[in-house]
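Work through the exercises below with the sequence and the 3D view open side by side. Try each task before reading the solution that follows it.

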Amino acid sequence: MTMKPISPQQEASYQIETTASMEQLSSRERLQEAFVHSPLSEEDRLFNIGMYTRSSVLVKFLVMSDIYQRIQKIPGCLVEFGTWWGQNLVLLENLRAIYEPFNKQRTIIGFDTFDGYTKRSDKDKESEVWDENSYSTGKDYVQYLRELLEIHEGCNVLGHVRGRHKLIDGDVSVTAPAYFQAHPETVVAFAYFDMALYKPTKIALETIKPHLISGSILLMDELTWEESPGEAIAFKEVFSRDEVSIEKCALYPSKAIVTVR
Ligand SMILES: C[S@@+](CC[C@H](N)C(=O)[O-])C[C@H]1O[C@@H](n2cnc3c(N)ncnc32)[C@H](O)[C@@H]1O
């Protein structure tokens, strides 16, 4: 398969959410320089990518790995609401290959507008981070990500079994109800909520609730982040305390792991 080049997105309008100090940011810049000007060939750089993976990125891999082990015995698909470039979808594909290489039924579904954030509601706070259209990847990116996921699938065991990934393009407030109405048989083992906004989070939570089973896990990215109250408000409106247990993610304190009782 030849991947079509897509226009560079590095100018995309988003401000990465960070609490890093100026000194840390400057070290990040140096790391980027070291990556760009690496003496390693591209092939060696990809194979030794951990050399350029900083701890705040590595921790995301560890968290996903922990979550994957928790849902390993739970049937159903893995969903991400708010995929951005799709790193988590790739991670999930590769964790699937590591933890359950022969599970042909573990579908991975990513929802995003690929056009960035939708409008805030009055339950959301103003923020430059999730301003309308910030985090846009551009619509052309969907095809690139689809192919990238296929490439990873092709590198893994059972690579000949295709179609385990689905990318659903559009506003989750519309696409999630439509997807689950069209697929009423769906069981959701894991869903990652990372859209911050009240409306799509509320609609996605309400939509998947009937598809969750005992032991299903939700990873809430901003449950206690005061800059994005919408996610917690939506969550509290959809789930009562006795329906779930909630724990702070040990390695990544801003994330919360919700297990369905
Ligand atoms: C912070 S980014 C997600 C980052 C990603 N989960 C990761 O860990 O790499 C938030 C994403 O939510 C998406 N998003 C925001 N509002 C949305 C909506 N109403 N429907 C679908 N996607 C939405 C944005 O396009 C953006 O890609």
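The exercises that follow concern a predicted model, and they move from the ligand to a pocket and then to single residues.

**Exercise 1. The ligand and its surroundings**

Task: Find which residues come nearest to the ligand, and describe the shell around the ligand by class.

Solution: Begin with the residues around the ligand, of which there are 17, and note that E80, G82, D112, T118 and D194 come nearest. Next, sort the shell by class, which gives six nonpolar, seven polar and four charged residues.

**Exercise 2. Nitrogen atoms of the ligand**

Task: For T113, T118 and D194 in turn, state how far a nitrogen atom of the ligand lies from a polar atom of the residue, and say whether that atom belongs to the backbone or the side chain.

Solution: Take T113 to start with, where a polar backbone atom is 3.3 Å from a nitrogen atom of the ligand. For T118 the partner is an N or O atom in the side chain, and the distance to a nitrogen atom of the ligand is 2.8 Å. For D194 the partner is again an N or O atom in the side chain, at 2.7 Å from a nitrogen atom of the ligand. As a last step, consider how much of the ligand is covered: on its own the ligand has 600 Å² of accessible area, and the protein covers 95% of that.

**Exercise 3. The second largest pocket**

Task: Give the volume of the second largest pocket, and then describe the residues that line it.

Solution: The space in the second largest pocket comes to about 210 Å³. Its lining consists of 17 residues, and those closest to the centre of the pocket are G76, C77, Q105, T107 and V187. Divided by class, the lining of the second largest pocket has six nonpolar, seven polar and four charged residues.

**Exercise 4. Positive phi in a loop**

Task: Locate F114 and N133, state the phi of each, and decide for each whether the residue is buried, partly exposed or exposed.

Solution: F114 sits in the loop between β2 (108-112) and α5 (141-155), and although F114 is not a glycine, its phi is positive, at about 55°. Because its relative accessible area is 0%, F114 is buried. N133 also belongs to the loop between β2 and α5, and N133, likewise not a glycine, has a positive phi of about 70°. Its relative accessibility is 36%, so N133 counts as partly exposed.

**Exercise 5. Three places, three accessibilities**

Task: Place R241, Q32 and F190 in their elements, decide whether each is buried or exposed, and give the C-alpha distance from each to its stated partner, namely D124, Y52 and I217.

Solution: R241 is in the loop between α8 (229-238) and β6 (244-248), and it counts as exposed because its relative accessibility is 78%. From R241 to D124 the C-alpha distance is 23 Å, while the two are 117 residues apart in sequence.

Q32 is part of helix α1 (residues 22-36), and with a relative accessible area of 55% it is therefore exposed. Between the C-alpha atoms of Q32 and Y52 there are 8.1 Å, and along the chain the two residues are 20 residues apart.

F190 belongs to strand β4 (residues 188-193), and since its relative accessible area is 1%, F190 is buried. The C-alpha atoms of F190 and I217 are separated by 4.8 Å, although the residues are 27 residues apart along the chain.

Methods
Residues numbered from 1 in each chain as written. Predicted model: local features only at pLDDT ≥ 70, side-chain atom pairs only at ≥ 80, totals over all residues. Heavy atoms only, no water. Near = heavy atom within 4 Å. Polar contact = N/O pair within 3.5 Å; in protein donor to acceptor, adjacent residues only side chain to side chain. Areas by Shrake-Rupley, 256 points an atom, 1.4 Å probe, with all protein chains shown as cover. Nonpolar A, V, L, I, M, F, W, Y, C, P; charged D, E, K, R; others polar. 1 Å grid on protein atoms, 1.4 Å probe; cavity = no way out; pocket = protein on both sides within 12 Å on 5 of 7 lines; lining within 4 Å. Points joined across faces, edges and corners; volume = space filled by probe spheres on them. Helix = DSSP H or I, 4+ residues; strand = E, 2+ residues; numbered from the N terminus. Buried < 20%, exposed > 50% of the residue type's maximum accessible area, 1.4 Å probe, protein only.
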